[in-house]
Amino acid sequence: MKPKRLSSIISVALLAIMLSALAACVPAQPIPQTGVEPTLPAGGEPPAVVIPGLEPEDILVQLDYEPGFTLPEFRFPFGRTPHFTLLADGRVIFVDEQQDSKVMVAQLSAEEAAALLEQVREMGFERLQSHTDMCGRLADGSESCIADASTSVMRVRMEDGSLREIKNYANFSNEPQTYDAIFNLLNEFSQADASIYLPHAATLFVRMAPAPEMSSPADWPLDPALVERAASAAGESVAVVLSAEEAALWQSVVGVDNMPITFQLEGQPVAAHFVPWLPGQDFSAEIEAEFPTP
């Protein structure tokens with residue numbers, strides 16, 4: 001096996017440091033917004049579905065991930081939002097890393113959505129295979145082994161109507177250059193007229209937290225009963241379902257940066273993490289199974 005590239009080793013080390021810091025340091029209060037208010041995409045009726053026979057909320061292209069070493073909440077499917085999703089009606093929902101990882105939404109025309117789907121197909125997605133081993137070949141031909149990395153999940157609607165899925169640990173692939181080109185296209189997607197995504201429902205993780213050392217947390221914005229549930233969880237997080245109205249209240253009062261935030265209720269610090277659901281998603285049963293209502 002060829003020696004690991006120095007850049008790969010540095011990247012993994014930095015990733016471990018960043019995730020460790022995130023797990024240990026939760027922001028003490030809502031992150032101030034910069035004039036961006038949650039809004040719905042402008043326009044009238046959405047266009048018809050790109051592929052006849054599909055439902056508007058069916059996936060055309062998606063970049064998701066399954067985490068490695070990270071916060072416990074992210075390990076649940078209802079604890080993370082896919083990085084990029086193009087739906088059959090042309091809506092595209094993506095995490096904008098240029099705006100503090102806010103979840104954004106834009107409306108593509110049927111022609112634009114079809115062109116993006118076709119671009120991913122023509123780039124060679126059908127040739128790519130899943131790779132779940134911790135060692136693999138990089139684009140320059142060298143080999144590397146990485147521990148505790150995430151697994152990227154790509155889903156693409158094929159010409160026969162099926163939704164093909166591949167899973168690639170640490171982005172290792174049988175065709176690294178083709179894989180990297182498609183991954184970067186989706187991972188770096190941006191749209192000038194995108195607006196803040198307003199979900200029909202969301203997950204809220206709540207847990208008791210230690211008192212922050214250098215700031216005063218804001219007041220808890222939702223039902224105190226949620227804090228009471230977390231207080232009985234012996235330091236672990238509990239997850240609850242937020243309705244569209246509760247999610248809109250959270251985004252209006254707290255903000256739209258999807259990071260863990262610390263509040264206080266009657267002097268008790270409480271950490272919370274908001275995760276919007278995609279159109280058509282319903283994790284109610286899964287959340288109830290993992291975190292039963294008392």
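In this predicted model, strand β11 (residues 218-219) pairs with β13 in the parallel sense over two bridges, and within this pairing Ala218 stands opposite Phe263 in β13. Strand β13 (residues 261-265) is mostly covered, with four of its five residues buried. β13 also pairs with strand β14 (residues 268-276), in this case in the antiparallel sense and over five bridges, and the bridge partner of Phe263 in β14 is Val270. Phe263 is thus found opposite Ala218 of β11 and is also bridged to Val270 of β14. The hairpin of β13 and β14 has two residues between the strands, and Glu266 takes a positive phi near 55° there.

Elsewhere in the chain, seven strands form an open sheet in the order β8-β7-β1-β2-β3-β4-β9, with antiparallel pairing. The edges of this sheet are occupied by β8 (163-169) and β9 (195-196), each of which has a single partner strand, so one side of each is left without a neighbour in the sheet. Helix α2 (residues 110-122) packs on the sheet, where it touches β1 (59-66), β2 and β7 (151-157), and the direction of α2 makes about 120° with that of β7.

Within the sheet, β1 is mostly covered, six of its eight residues being buried. β1 pairs in the antiparallel sense with β2 over four bridges and with β7, again in the antiparallel sense, over six bridges. Val61 takes part in both pairings, since its bridge partner in β2 is Leu86 and it stands opposite Val156 in β7. Strand β2 (residues 84-87) is in turn joined by three bridges to strand β3 (residues 91-96), the two running antiparallel, and Phe84 stands opposite Phe94 in β3.Strand β7 also contains Arg155, which is buried, with a relative accessible area of 16%, a value that falls under the 20% limit for a buried residue. The side chain of Arg155 makes polar contacts with two acidic side chains, that of Asp64 at 3.4 Å and that of Glu165 at 2.8 Å. When residues up to four places away in sequence are not counted, Arg155 touches Leu60, Val61, Gln62, Asp64, Leu163, Arg164 and Glu165.

Helix α2 packs against helix α3 (residues 176-187) at an angle of about 155°, with the two axes 10 Å apart. That angle makes α2 roughly antiparallel to α3, as angles over 145 degrees are counted in this way. At this contact, Leu116, Gln119 and Val120 in α2 meet Ile182, Leu185 and Leu186 in α3, and by class the contact has five nonpolar residues, one polar residue and no charged residues.

Beyond α3, Ala194 is found in the loop between α3 and β9. Ala194 is buried, with a relative accessible area of 19%. Leaving aside neighbours within four places in sequence, Ala194 is in contact with Phe94, Met104, Val105 and Ala106. Ala194 and Phe94 are 100 residues apart in sequence, whereas their C-alpha atoms are 9.4 Å apart in space.

Key: Residues numbered from 1 in each chain as written. Predicted model: local features only at pLDDT ≥ 70, side-chain atom pairs only at ≥ 80, totals over all residues. Heavy atoms only, no water. Pairing = 2+ DSSP bridges. Contact = heavy atoms within 4.5 Å. Axes fitted to C-alpha atoms, helices over the stretch in contact; angles between N-to-C directions. Parallel < 35°, antiparallel > 145°, perpendicular 65-115°, else oblique. Nonpolar A, V, L, I, M, F, W, Y, C, P; charged D, E, K, R; others polar. Buried < 20%, exposed > 50% of the residue type's maximum accessible area, 1.4 Å probe, protein only. Polar contact = N/O pair within 3.5 Å; in protein donor to acceptor, adjacent residues only side chain to side chain.
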